[in-house]
Amino acid sequence: MGKHVWPERLIPRSGWTSFLVSLLAFIFVVFRKLTLYAGQPSFAPATLLLAAIFLLYLAQPLLSRRFRWNPYPLIFLQVILIQALGLLRPYDDTWAILYVVLGFQVMYACPLRTALFLGGLFAALIMLTMTVTFGWISGLGRSMFMVAAMLLVLSYDALYALTEAGHQESQELLSELQKAHQKLEVYAAQAEELAAEQERSRLMHALHDSVGQVIFSINLIAESARLMLEKDTGRLPEQLELLQELTGSTLSQMRDLIGQWRPG
């Protein structure tokens with residue numbers, strides 16, 4: 001069996017599904033943050049950060065499709081904005097949900113190795129930021145929960161993408177095998193036709209070599225018999241008997257060759 005080839009990219013099962021999940025996650029974070037920061041100095045910065053993150057989330061796929069925009073600057077700019085949102089006081093852990101939104105974007109825009117690297121970077125930033133803002137014990141607990149939730153949501157689409165890639169690879173292999181089988185059938189038919197042509201050629205040569213020589217001998221004996229009929233009639237029965245034997249042998253050889261020439 002051939003070595004399994006991993007897909008270059010992990011494409012989620014549905015753009016609309018991932019967009020809906022991302023939109024719901026973003027709405028939840030916006031509601032939680034604006035409720036938490038209402039009437040506080042952090043309200044205006046939080047609003048600006050959330051608006052900027054959402055606009056960049058919408059801009060990245062549009063720019064990539066239309067202008068072949070490099071996605072990495074916009075992705076890292078979103079990372080900076082999400083981290084800034086996580087450092088606003090009073091501290092809250094819901095900002096880390098935005099990494100799920102960014103994770104879907106990374107799955108679409110980046111190769112597999114890069115997407116895995118960025119996923120590890122997101123997890124490390126969540127853990128680092130929460131241990132700084134909430135302390136080691138509380139921060140590790142919160143960050144592990146958020147990272148687990150992020151992995152659960154993203155891995156579902158990733159596993160589905162891998163399954164689809166494997167299915168597509170199997171279909172391509174099946175198609176190649178079917179094409180190879182059709183070519184083998186064509187080659188077999190050509191080989192059979194060539195073998196039949198070679199057999200016909202062999203029989204024609206055999207007919208020419210064996211029967212032709214016998215017929216030539218019959219002609220000579222018939223000519224000798226005609227001369228004996230004029231000069232030496234005593235040897236005529238012997239020549240006629242030999243002529244009859246050669247004629248019977250020739251007829252038998254002709255039947256054998258014709259029997260070999262018949263189909264089946």
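## A predicted all-helix chain and its contacts

In this predicted model, the side chains of Asp-92 and Lys-33 meet in a salt bridge, with 3.7 Å from N to O. Asp-92 sits in the loop between H3 and H4 while Lys-33 belongs to helix H1, so this pair ties together parts that are 59 residues apart in sequence. Both Asp-92 and Lys-33 are buried. That makes a good starting point for a tour, and we will come back to Asp-92 shortly.

**The overall layout**

Let us step back to the whole chain. Its secondary structure comes to seven helices and zero strands, and reading along the sequence gives the pattern α-α-α-α-α-α-α. Of the 264 residues in the chain, 30% are buried. Among contacts between residues at least 6 apart in sequence, 75% join residues at least 24 apart.

**How confident is the prediction?**

The mean pLDDT of the chain is 76, and 66% of its residues reach 70 or more. Confidence is highest in H3, at a mean of 90, and lowest in helix H7 (residues 236-261), at 68. Over residues 1-6 the pLDDT is below 50, and this stretch has four contacts in the model beyond near neighbours in sequence. Where pLDDT is low, the predicted coordinates should not be read in detail.

**Salt bridges**

Side chains of opposite charge can pair when their charged atoms come close. The structure holds three salt bridges, set out here with the distance between the closest N and O atoms.

| Salt bridge | N to O distance |
|---|---|
| Asp-92 and Arg-32 | 3.5 Å |
| Asp-92 and Lys-33 | 3.7 Å |
| Arg-142 and Asp-93 | 3.1 Å |

Asp-92 appears in two of these rows. Arg-32, Lys-33 and Asp-92 are linked in a network of salt bridges. Is Asp-92 buried or exposed? Asp-92 counts as buried because its relative accessibility is 6%, and the cut-off for buried is under 20%. Its partner Arg-32 is partly exposed, with a relative accessible area of 32%.

The remaining bridge in the table joins Arg-142 with Asp-93. Arg-142 lies in helix H6 (residues 136-231) and Asp-93 in the loop between H3 and H4, a separation of 49 residues. Here Arg-142 counts as partly exposed at 31% relative accessibility, whereas Asp-93 counts as buried at 16%. Arg-142 has another partner too: it lies over the face of Phe-134, at 4.0 Å from the ring centre.

The loop that carries Asp-92 and Asp-93 holds one more feature. A cis peptide bond joins Arg-89 and Pro-90, with omega at about -5°. Pro-90 lies in this loop between H3 and helix H4 (98-109).

**Helix H3 and one of its residues**

What span should the 16 residues of helix H3 have? At 1.5 Å a residue, helix H3 (residues 71-86) should span 22 Å, and its end C-alpha atoms are 23 Å apart, which agrees. The expected value counts one less than the number of residues, so it rests on the steps between them.

Many names in H3 turn up on the buried side. Its buried residues are Pro-71, Leu-74, Ile-75, Gln-78, Val-79, Leu-81, Ile-82, Gln-83, Leu-85 and Gly-86. Take Gln-78 as an example: this residue of helix H3 is buried, with a relative accessible area of 2%. Which residues does Gln-78 touch, not counting those up to four places away in sequence? They are Ile-53, Leu-56, Tyr-57, Leu-102 and Gln-105.

**Aromatic rings**

The structure holds four aromatic pairs. A pair of aromatic rings is described by the distance of the centres and the angle of the planes. The rings of Phe-26 and Phe-54 have centres 4.9 Å apart and planes at 35°, so this pair is tilted. Phe-26 lies in helix H1 and Phe-54 in helix H2 (residues 43-67), so the pair ties together parts that are 28 residues apart in sequence. Phe-26 counts as buried at 10% relative accessibility, while Phe-54 counts as partly exposed at 25%.

Elsewhere, Trp-95, Tyr-99 and Phe-122 form one aromatic cluster.

Conventions:
Residues are numbered from 1 along each chain as its sequence is written. This is a predicted model: local features need pLDDT of at least 70, side-chain atom pairs count only at pLDDT 80 or more; totals for chains, interfaces and linings use all residues. Side-chain values use heavy atoms; hydrogens and water are left out. Helices (H or I, at least four residues) and strands (E, at least two) are DSSP runs, numbered from the N terminus. Buried means under 20% relative accessible area, exposed over 50%, partly exposed in between (1.4 Å probe, protein chains only). pLDDT is the predictor's confidence in each residue, from 0 to 100. Contact means heavy atoms within 4.5 Å. A salt bridge is a side-chain nitrogen of Lys or Arg within 4 Å of a carboxyl oxygen of Asp or Glu. Rings of Phe, Tyr and Trp (its six-membered ring) pair if their centres lie within 6.5 Å; planes under 30 degrees apart count as stacked, over 60 as edge-to-face and the rest as tilted. A charge sits over a ring if NZ of Lys or CZ of Arg is within 6 Å of the ring centre and within 35 degrees of the ring normal.
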